[in-house]
Amino acid sequence: MTQKLTAERLFPDLTPAERARMERVESVLPIIKASAQEADEKGALPQSTLDALAEAGLLGLVVPEEFGGLGGGLRDLAATTYALGTVCGSTALAFFFHCSSSSRGMLPLAALEAGLYNEEEAPQVRAFAEKVLNLMGTEKKAVGNFASEAVKASNANVLIQTTATRTEGGWLLNGMKSFGCLSGSADYYLVTARRDDIEGLDALTLFLVHKDTVGARPRDPWIGLGMRASDNHGLIMENAFVPDDLALAVPGGFSRATTMSRGSWVGNQIAIAAIYAGIAQGVWDFAMGRVMGAKFADTGKPIASSPMHQVMIGNGERHLAEAHLWLNRQVLLEASEPPILPKNEVVQSWKLAKGAITEHAHEVATIALKMCGTSGALMGNEIGRAVRDTTMGLVQAFPAERGKLDLAQMIVDGQGIAGLGTTDTMKKG
């Protein structure tokens, strides 16, 4: 009988190719699980984790085979972050942000195919896109994706203030990224900045910053409530030089590429929510194993048989099922061929799905905490990590309340909410 994979709890209909990729994921889960508690305590992603992911070829999971990758798609990514989440949410989050870098290669190539660049722009766009993908696939390098900044705007998820200034042979980057996994542990940082000689969204540019670049360094250690081992410190750049061959500085080059995404502004965001569903599944398995294994001294029946526990089990199963249902629906909308819904409706659905999945996941972790009682409420065990990690899901990217607000504005005003903005676009807005 074929072994049931962790990913099949989310997608029981894996294709043979997807299953082969998920077998690679299954092979690294014991390694990552074994180091999860120590990684959380130290607040650092173990190098052994990155080595295991690289050796299994998973750093190229969603990179096309022609660039040395495994050729996976959104279903593969969501299934993988889900599976990793069952054993270590921090690893799953860091892995997602590495994989999200692939969109900076895939989307420009799709835009090239659609004819969105002229003959002069095309070579630079292609060279940068292929560089990103070859780093991840052929070279098995870890790439941290750095876009978020501390300054926010009412009508954009991320406001880019980091500047790129032209200099001989390349660009000087100045700014601070407040959020970004793999700070200090990635081989390259993929940085979104704005050219200081151009206004509006056309100023948005992409740069690959090598980890040893002079003037680029991680911020002070981030001591988060949860996801503590994702190396989520952020990045400081002070006149950090990036050569031309590691830049996509074509005016409007990045913004044109984002129009090719099926979902939110760069796509694949649903795979973040899959992490929290995975954490919920992992802690639920732990809690159920505990209350089914422990017996009442007087009756010999499992603790799970008490009326209180059975009410909690029913509630937990409902929240877990709803998290899975929302997750499956959104992945279907974003991965189906041909598309089921137009892009604006897919984005509207995502605005609700993200909050629903993460809130249900947190409910599962809270119920698991109650089920296991005081003796199970330890800071670093599966219960403690899941409660803290799923709490981060309530605020990461945007809370459920922001998603509902965005959805309402999209419906009432008939227009979307920008994923990225710059200072001057906010003033014009």
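Helices here are DSSP runs of H or I of at least four residues, numbered from the N terminus. With that in hand, the salt bridges of this predicted model can be placed on its helices.

A search of the whole structure turns up 17 salt bridges. One of them sits within helix α1: Glu23 pairs with Arg19, with 3.0 Å between the closest N and O atoms. Because Glu23 and Arg19 are four residues apart in helix α1, about one helical turn separates them. Glu23 is partly exposed, at a relative accessible area of 41%, while Arg19 is buried at 16%. The pair doesn't stand alone, as Glu8, Arg19 and Glu23 are linked in a network of salt bridges.

Other bridges reach across the chain. Glu18 forms a salt bridge with Arg75, and the closest N and O atoms are 2.9 Å apart. This pair ties together distant parts of the chain, with Glu18 in helix α1 (residues 16–42) and Arg75 in helix α3, 57 residues apart. Glu18 is buried, with a relative accessible area of just 7%. Lys351 and Asp406 also meet through their side chains, at 3.0 Å from N to O. Here helix α10 (residues 343–376) supplies Lys351 and helix α12 (residues 400–413) supplies Asp406, 55 residues apart. Both Lys351 and Asp406 are buried.

Then there's the second largest pocket, with a volume of about 550 Å³. It is lined by 24 residues, and the closest to its centre are Gly73, Leu74, Met106, Leu107 and Asn268. Helices α3 (74–85), α5 (103–113) and α9 (307–335) each put at least two residues into the lining, with the largest share, five residues, coming from α5. By type, the lining splits into 12 nonpolar, eight polar and four charged residues.

Note on methods. Residues are numbered from 1 along each chain as its sequence is written. This is a predicted model: local features need pLDDT of at least 70, side-chain atom pairs count only at pLDDT 80 or more; totals for chains, interfaces and linings use all residues. Side-chain values use heavy atoms; hydrogens and water are left out. On a 1 Å grid over the protein atoms alone, a cavity is a set of points where a 1.4 Å probe fits but cannot get out, and a pocket is an open set with protein on both sides within 12 Å along at least five of seven lines; lining residues have an atom within 4 Å of a point. Grid points are joined across faces, edges and corners, and a volume is the space filled by probe spheres set on the points. Ala, Val, Leu, Ile, Met, Phe, Trp, Tyr, Cys and Pro count as nonpolar, Asp, Glu, Lys and Arg as charged, and the others, Gly among them, as polar. A salt bridge is a side-chain nitrogen of Lys or Arg within 4 Å of a carboxyl oxygen of Asp or Glu. Buried means under 20% relative accessible area, exposed over 50%, partly exposed in between (1.4 Å probe, protein chains only).
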